Each structure stands twice: as C-alpha cells, then as structure tokens.
Amino acid sequence: MKIFVLLSRIPWPLEKGDKLRAFHQIRCLAAQHDIYLCALNAQANVDIQQAYKALQPYCKSVTFVRLRPAGIAWNVLKAIVSGKPIQVGYFYNSKANKTIRQLIQTHRPDVVYGQLLRVAAYLEDVPLPKALDYQDVFSQGMARRANVAAWPVSLIYKLEFLRLRKYERRAFDIFDLKTIISATDRDLIPHPSNHEIVVIPNGVDQQFFAPDDQPRTFDLVFTGNMAYPPNVNAAEFLVHEIMPLVWARRPQTNVLIAGATPDRRVKALQSNLVHVSGWLDDIRDAYRAARVFIAPMRIGTGLQNKLLEAMSMGLPCITTPLAHQALGGQAGIAIMVAQQADELANAVLELLQNPEKAAAMSSAGQDFVKRNYHWESATRRLAEALSAIAAGKTSDETSR
C-alpha cells in the first residue's frame, strides 16, 4: 500500500509527543508499506540534514515544506477573521497547499494520512481515501488552559476552544477514517458518531528505555517539552505547591526538571534543590538520575509518553487523574494517582521513604507497559484501518 503522510512538523528530533508518534508510526508502517512523507516546517532552527538522515531509511520520498514567519502571521490573521482556529491558520499556507497537491498527484497514493487538525485544511478536497489522526482533543486542552490562565489570556483560550470544538466536529465528516490516542479522548470529540473513531495508542521502545543500575543523584524527576504550557503549569505546580509540603517533612529532597526549550517560568524554578537541565541529548539520563518520576498534570490531553518511558525504565511513577485516564494502569499498584498537592506530596514521601513499596511499584509499572504499549502492535492496527478505507470500507466498519 502506498501511504502519503502529511505532518504539521518534521518528526525529528523526538522532543514532542506528535513527533514521537509520527516517527514510530512511519517506522513501523514502512516495514510493509511505501511511505511518502511531507512535513511542514515552521521552525528555522531545525537541522534539516539530520532529519533527512533519520527519516529517509523509512520513506520512499521525504519533502519538507518551509512556512515563513510573514506567511504564518498573515494566515493567522486570516484565520481569526474567518472564524477558524488560530493553530489551523498558523499551519495553513496556499503555496504549501499547492506543493502538497502536486506531491499527491505525483505519488498517486492508495491512502492519505494526516496527523492533527492542523493539516486537515490541506486534505479537505483530496479525492482519495483519507484518514485524520486527531491524536488528542485540542479543544479540551484549550478549555483546561482557559480555566487556569489569567484574563485576558483566558479569553483567547476560550475563543480558541470554541473554534477548535467546531472544527473537530467538521473534520469528522471530511475524513473516511479518524484515529485518536485513547478512548478517553475519543469520547470527548464533539460528534454523535465519535464511537467510530479508532483508538491507536502510543507505544514505547522498551529496549531503548530499559532499567539500569546507575547511581541516583535526584529524588524526583519530571520530563517533557518545557515550553509546552501543560508542562510549564505542571512544573510550577510541582515546585510551588507540592514540594514545600515535601520539604517540610524531608528537607533534603531534590528535583530534576528536564526537557527541551524550558520556558522562562520553568527556568525561574531553579534553586539549590531544583535543577532545570534544559535539552538533554539522551533523555534517559534524566530517568537514570532519579528515584521517582512525577507528572503532576493539571491541563492538557492525550497519553503522556513521559510516563510510558519512565515506567519502562523501572521508575515508580506518580501522576494525576487527568494523565492517568488515558494510561489506564492500576492505581496504587502500577502507578500512584493523586489530585491535590497534599495527596501528591504524600505519594512522593511514601515512595522515597518506603523502598519496598517503590520496588514493587517499579516492577508492576514495568510489567504493565510491557503488556500494553508496543509501537508495532499499535501501528499494525493503524495499517489495518488504512487498508480498510483504501479498499472502500466505511469508518464504522473500520472501527469494529
């Protein structure tokens, strides 16, 4: 099967969740199918040569389409005026659209697969079987940001929520197949037939993210793209609200916050007990350095890849109900789940002060990931769904 893949970002390096998902899906699909990749590029600092080197082994063709800042600003303005979501406008460009149409005409794929609502506008009128990976529910993410942001930023998030919700519903009727990362997210898509959306979970490279016996220099670690608002919010929640309760009972407890492009608010968290590392060439170094992993997410959507990676490496993990819903691990056995700052602080102290409990949770978490999260099996389900729409089957038949 010839699959044309359209992405809103170049899936390399793998510091963001959408890039990670796209890269591994391409890698797994390429084992039995021909992949023709087109990725938009709105960032001037991307190492194009390294990205080509990483992606070419899996693709018959790789095309990166540059989106210039002036064009982005103009198209965002047009989106605001027209009532479309800002991030749809951000990634849409008429010249890019012409290039994408020419590529599709040249490659003549059996099916077209777009990732995220950001690329839906490019594929609306493509007369081929086509699929859209919602990945997660953008509208709910915006609603949660609106709930914690100060005015007038909260108003901007609220307006974007309303536009995204409308666009998510509209996109549903355009594509032959819709996929998403979890059943929790699927049920939040605002369409009466959202049960037809096919759940394609993420996986984790369990050989790469494997336990080791390196000495632990930090008690806690939190990782992620530290420019992403949900991670910024979680980092501030951790340091400002959870850790003071931990320090009151265990004053020496130290924290590592690791991940790409830390926001100024994250950098401001640095202290003698909180280390903000920024980008790491190998994120496993962060996991290896700590005794316990925590992801105190309060906003955002989707499955937290950071939790899969940490559990795969044998760290006992703590998170909130918001992040746990998509994960599905048994609370209290494979992972600790708590909502409020005092509850999360108690979970931290329990794992740090009870080695037997931490070891049992480490083992249970690692076993849970081994049994449930594999890129190959998840992508096999995606390949079957794409093959079905290429053969003319309906979305409802595909979701069964």
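Which residue in β3 is the bridge partner of C38? In this predicted model, the partner is T63, and that pair is a good place to begin our walk.

Let's widen the view from that bridge to the strands around it. Strand β2 covers residues 34-41 and runs parallel to β3, the two being paired over six bridges. If you trace the chain from β2 through helix α2 (residues 48-55) and on into β3, you follow a right-handed β-α-β unit. Strand β3 itself, residues 61-66, is mostly covered, with five of its six residues buried.

Next, have a look at the nonpolar interior. The largest nonpolar core holds 63 residues, and the members touching the most others are F222, I242, I257, F293, I318 and L327. Helix α10 (residues 229-247) is the top contributor to this core, supplying nine residues. To get a feel for the packing, try centring your view on I318: setting aside residues up to four places away in sequence, I318 touches V292, F293, I294, A295, L307, I335, M336, L344, A347, V348 and L351. There is also a second core, separate from this one and made of 41 residues, with L40, V137, M142 and A171 among them.

Our last stop is S139, which sits in helix α7 (residues 138-148). Is this serine buried or exposed? S139 has a relative accessible area of 0%, so it counts as buried, the cut-off being under 20%. Its side chain has a polar partner: the side chain of E168 lies 2.6 Å away, making a polar contact. Beyond its neighbours within four places in sequence, S139 is in contact with F161, L164 and R165 as well as E168.

Technical notes
Residues are numbered from 1 along each chain as its sequence is written. This is a predicted model: local features need pLDDT of at least 70, side-chain atom pairs count only at pLDDT 80 or more; totals for chains, interfaces and linings use all residues. Side-chain values use heavy atoms; hydrogens and water are left out. A nonpolar core is a set of buried Ala, Val, Leu, Ile, Met, Phe, Trp, Tyr and Cys residues joined through side-chain atoms within 4.5 Å. Buried means under 20% relative accessible area, exposed over 50%, partly exposed in between (1.4 Å probe, protein chains only). Helices (H or I, at least four residues) and strands (E, at least two) are DSSP runs, numbered from the N terminus. Contact means heavy atoms within 4.5 Å. Two strands pair if DSSP finds at least two bridges between them. A crossover is right-handed if, with the strands pointing away from the viewer, the path from the first strand over the helix to the second runs clockwise. A polar contact is a pair of N or O atoms within 3.5 Å; within protein, one must be able to donate a hydrogen and the other to accept it, and residues adjacent in sequence count only if both atoms are side-chain atoms.
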